[in-house]
Amino acid sequence: MATVHSPPVILIIVAISKFSEASVGYSYADTTVWPASFPVCAGQQQSPIDLLSNISSETTHEAFQFTHHTDSITENMTNTGHSLKIDVGHSVTISAGGLQVTYNIDQFHFHWGENSSVGSEHTIDSHHYPLELHVVAHNSSYSSFDDAKNHTDGLAVFGFLFEIQAANNSHLDSVMTHISDVHNLDDHHLVTFKLNDVIDSSKMTTYFRYHGSLTTPECYESVTWTVFDHTMGVSELQMEEFRSLYSDNGTTHLVNNFRPVQDLHGRTVHKYSYSASGAAGSYVNVYLRLSCILLTCMFFSKIYA
Ligand SMILES: [Zn+2]
């Protein structure tokens with residue numbers, strides 16, 4: 001008898017999942033209407049924001065730490081209709097760099113413009129960049145992104161800004177190779193990459209840090225933001241590949257998928273510059289201590305020889 005009843009149950013589940021997808025529908029055509037459907041988008045801690053380059057930076061001796069970022073990962077790249085998203089799986093973590101906890105990296109995605117005068121979500125001194133990469137992670141104390149997304153300390157997003165350069169950026173090769181396989185909405189394709197090859201960790205030394213939100217509905221205000229001051233490069237040819245994607249089935253190009261900057265509402269933005277000197281000092285300390293132990297051993301081995 002169970003088989004007689006299961007088809008309606010499946011239909012109900014499909015109907016519910018379709019409804020929940022539809023309920024997070026939004027458009028970049030007019031982002032000011034988002035709060036009508038998603039009230040949190042009108043909050044006081046929204047992202048992106050304009051960053052000011054001349055705020056004084058604090059020195060940090062704590063570099064970002066990764067685990068498994070050099071592992072080869074094979075995961076889906078998806079045209080979500082709002083972005084190009086690449087899943088990262090469940091193994092890569094990021095910590096330190098002034099972060100209070102360890103985060104598990106879930107996915108990365110991009111925001112870009114119809115031409116290279118716009119595209120980034122964050123701006124620096126009101127300057128827009130053609131492309132912004134977001135690496136999205138959740139606090140490892142929570143079981144998943146969904147579990148973490150509406151907790152104040154739940155999420156961390158790392159933003160990398162790009163400037164136009166003549167040569168292609170080989171860091172983007174793993175994305176570019178299969179971009180033509182995901183031209184339409186909901187297209188997906190397996191890609192193989194190492195996160196270490198996609199993000200240029202040499203650029204992760206000076207960064208802005210503030211508390212903000214997801215830049216897409218439901219705009220949860222649960223994000224510890226890190227936006228790097230040093231830009232990465234991207235060629236116009238590579239930008240054209242992003243702009244060749246569609247937000248639907250081959251009718252409307254997926255461009256200008258960025259939210260305008262939001263009011264700070266009195267929030268503090270910090271700027272940090274990493275200096276290895278403190279870390280180098282501690283290496284010298286360890287070296288000296290090991291030398292002392294070695295000399296002591298040699299001394300006693302002479303005595304008791
Ligand atoms: Zn984003």
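Modeller: Two strands are said to pair if DSSP finds at least two bridges between them, and I would keep that cut-off in mind while we go through this model, which is predicted.

Colleague: What makes β4 and β11 a pair of strands?

Modeller: Strand β4, residues 73-79, is joined to strand β11, residues 188-193, by 6 bridges; since at least two are required, the two strands pair, and they run antiparallel. Within this pairing, methionine 77 stands opposite histidine 189 of β11.

Colleague: How do you know that β4 and β5 pair as well, and in which sense?

Modeller: There are 3 bridges between β4 and strand β5, residues 84-87, so the requirement of at least two is met, and the sense is antiparallel. Here methionine 77 has isoleucine 86 as its bridge partner in β5. The hairpin that β4 and β5 form has 4 residues between the strands, and in it glycine 81 takes a positive phi near 90°.

Colleague: Why is lysine 149 called partly exposed, rather than buried or exposed?

Modeller: Lysine 149 has 17 other C-beta atoms within 10 Å; a buried residue would need 20 or more and an exposed one 12 or fewer, so lysine 149 belongs in between, as partly exposed. It lies in the loop between α3 (145-148) and β10 (155-164).

Colleague: Which residues does lysine 149 contact, leaving aside its neighbours within four places in sequence?

Modeller: Those residues are Gly154, Leu155, Tyr220 and Ser222. For tyrosine 220, which is 71 residues away along the chain, the C-alpha atoms are separated by 6.6 Å.

Colleague: What makes the set of 55 residues a nonpolar core?

Modeller: Its members are buried nonpolar residues joined through C-beta atoms within 7 Å, and therefore the set counts as a core. Those with the most contacts inside it are Ile105, Leu131, Val135, Ala137, Val157 and Leu195, and β10 gives the largest share, 7 residues. Beyond four places in sequence, isoleucine 105 is in contact with residues including Val135, Ala137 and Leu195.

Colleague: How do you know where the model should not be read in detail?

Modeller: Low pLDDT is the guide, because predicted coordinates should not be read in detail where it is low. The chain averages a pLDDT of 88, and 83% of the residues score at least 70, but pLDDT stays under 50 over residues 1-23, which have 0 contacts beyond four places in sequence. Residues 279-286 also stay under 50, with 2 such contacts in the model.

Technical notes
Residues numbered from 1 in each chain as written. Predicted model: local features only at pLDDT ≥ 70, side-chain atom pairs only at ≥ 80, totals over all residues. Contact = placed C-beta atoms within 7 Å. pLDDT = per-residue confidence, 0-100.
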